[in-house]
Amino acid sequence: MLDYQEEAIDLNLLKDKARQLRLDILEMTTKAGSGHPSSSFSAVEILTALYFGGILRYRPDEPWWPERDRFIMSKGHAAPLLYAVLANAGYFPREELWRLRTLGSPVQGHPIQGLLPGVEATTGSLGQGLSVGIGHVLGSRLNNLDYRVYVLLGDGECEAGQVWEAAMAAAHFKADQLTAILDYNKYQETGPISREMGLEPLAEKWRSFGWSVSEVDGHDIAAIHHSLQAVPAVTGKPSMLIAHTVKGKGVTFVEADYTFHGRALTPEQAAKAREEILCT
Ligand SMILES: Cc1ncc(C[n+]2csc(CCOP(=O)(O)OP(=O)(O)O)c2C)c(N)n1
Ligand SMILES: [Mg+2]
């Protein structure tokens, strides 16, 4: 039984958006010959629900609107996804996307605040985004503003100590305007999380740090939307949504090969991937 009124969403429209985002990520990274396609594919549905499902309040024509909700892409290497979302939301022309990782372009390999409208924070050095999010929460209190703050974390990123300092701080400050979403794809750069540095029991860890925790299938747009509408689940507690995802989601041979982490698909591979994305 829901204790809130769920906003109606057009699931087909959102699935179309997700498909478009994957195609854009593919084209951007293959054109650039570098970047992080699999990390970007992993969180496509999460950002689709946030930006195009009516969760995040934003104004592309007024990017610094003081009351906008903040989204911090803490796993900054998934910049192609962030750029594709912002372009498709109308923050800047789509043509900018094809300048990924070129000299002098604002569309750099990791997001830089101030170069592109809609980029809230400079990220890429993993571990910092949750702290930035807490800063925005505290800022809202000083400025009497009513906005929510969303931070996307990677699971490998959670191996960084600063994440846990921020986890403690958010609970201490009773930051219930803060929602962290964890892209739990079970892989980091060099291999499986369980081999490199295991995180389990992950939900219990966040709970023990004072967070309200829920879990969701990170590729089920309706379920993600539902979960995001339900936060804050507990007054006075920050919310953690653990999204179970597949790294490289949407392209079978990328899903099967974690070495696509920092490697673009060749034009031949991209043509094959494009076919698969268009069929889903
Ligand atoms: C502080 C820091 N250490 C190391 C790196 C190099 N690095 C880039 S991405 C990555 C793995 C991140 O894995 P995860 O957070 O699981 O993201 P995914 O790509 O799986 O979504 C690493 C170690 C970095 N960017 N920052
Ligand atoms: Mg990961």
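Among contacts between residues at least 6 apart in sequence, what percentage join residues at least 24 apart? Keep that in mind as you turn the chain around: the figure is 77%. One thing to know before we go on is that this is a predicted model.

**Stop 1: the whole chain.** Show everything as a cartoon. You'll find 11 helices and 5 strands. The radius of gyration is 18 Å, close to the 19 Å that the globule rule gives for 280 residues, so the chain is as compact as a globular protein of that length. If you line the view up with the principal axes, the C-alpha trace spans about 50 × 45 × 40 Å.

**Stop 2: the surface.** Now switch on the surface. Its accessible area comes to about 11900 Å², and carbon and sulfur atoms account for 53% of that. As for what is hidden, buried residues make up 53% of the 280 residues.

**Stop 3: the charges.** Colour the charged side chains next. There are 26 positive and 34 negative ones, and the centres of these two sets lie 2 Å apart.

**Stop 4: strand β5.** Select residues 239-244, which form β5. This strand is mostly covered, with 5 of its 6 residues buried.

**Stop 5: the partners of β5.** Add residues 178-184, and you have β3, which pairs with β5 in the parallel sense over 6 bridges. To see where they meet, pick T179, which stands opposite S239 in β5. Then add residues 212-217 for β4, another parallel partner of β5, again over 6 bridges. Here, pick V213 and look across to M240 in β5.

Technical notes:
Residues numbered from 1 in each chain as written. Chains lettered and ligands numbered in written order. Predicted model: local features only at pLDDT ≥ 70, side-chain atom pairs only at ≥ 80, totals over all residues. Heavy atoms only, no water. Helix = DSSP H or I, 4+ residues; strand = E, 2+ residues; numbered from the N terminus. Rg over C-alpha atoms; globule rule 2.2 N^0.38 Å. Buried < 20%, exposed > 50% of the residue type's maximum accessible area, 1.4 Å probe, protein only. Contact = heavy atoms within 4.5 Å. Areas by Shrake-Rupley, 256 points an atom, 1.4 Å probe, with all protein chains shown as cover. Lys, Arg positive; Asp, Glu negative; His and termini not counted. Charge placed at Lys NZ, Arg CZ, Asp CG, Glu CD. Pairing = 2+ DSSP bridges.
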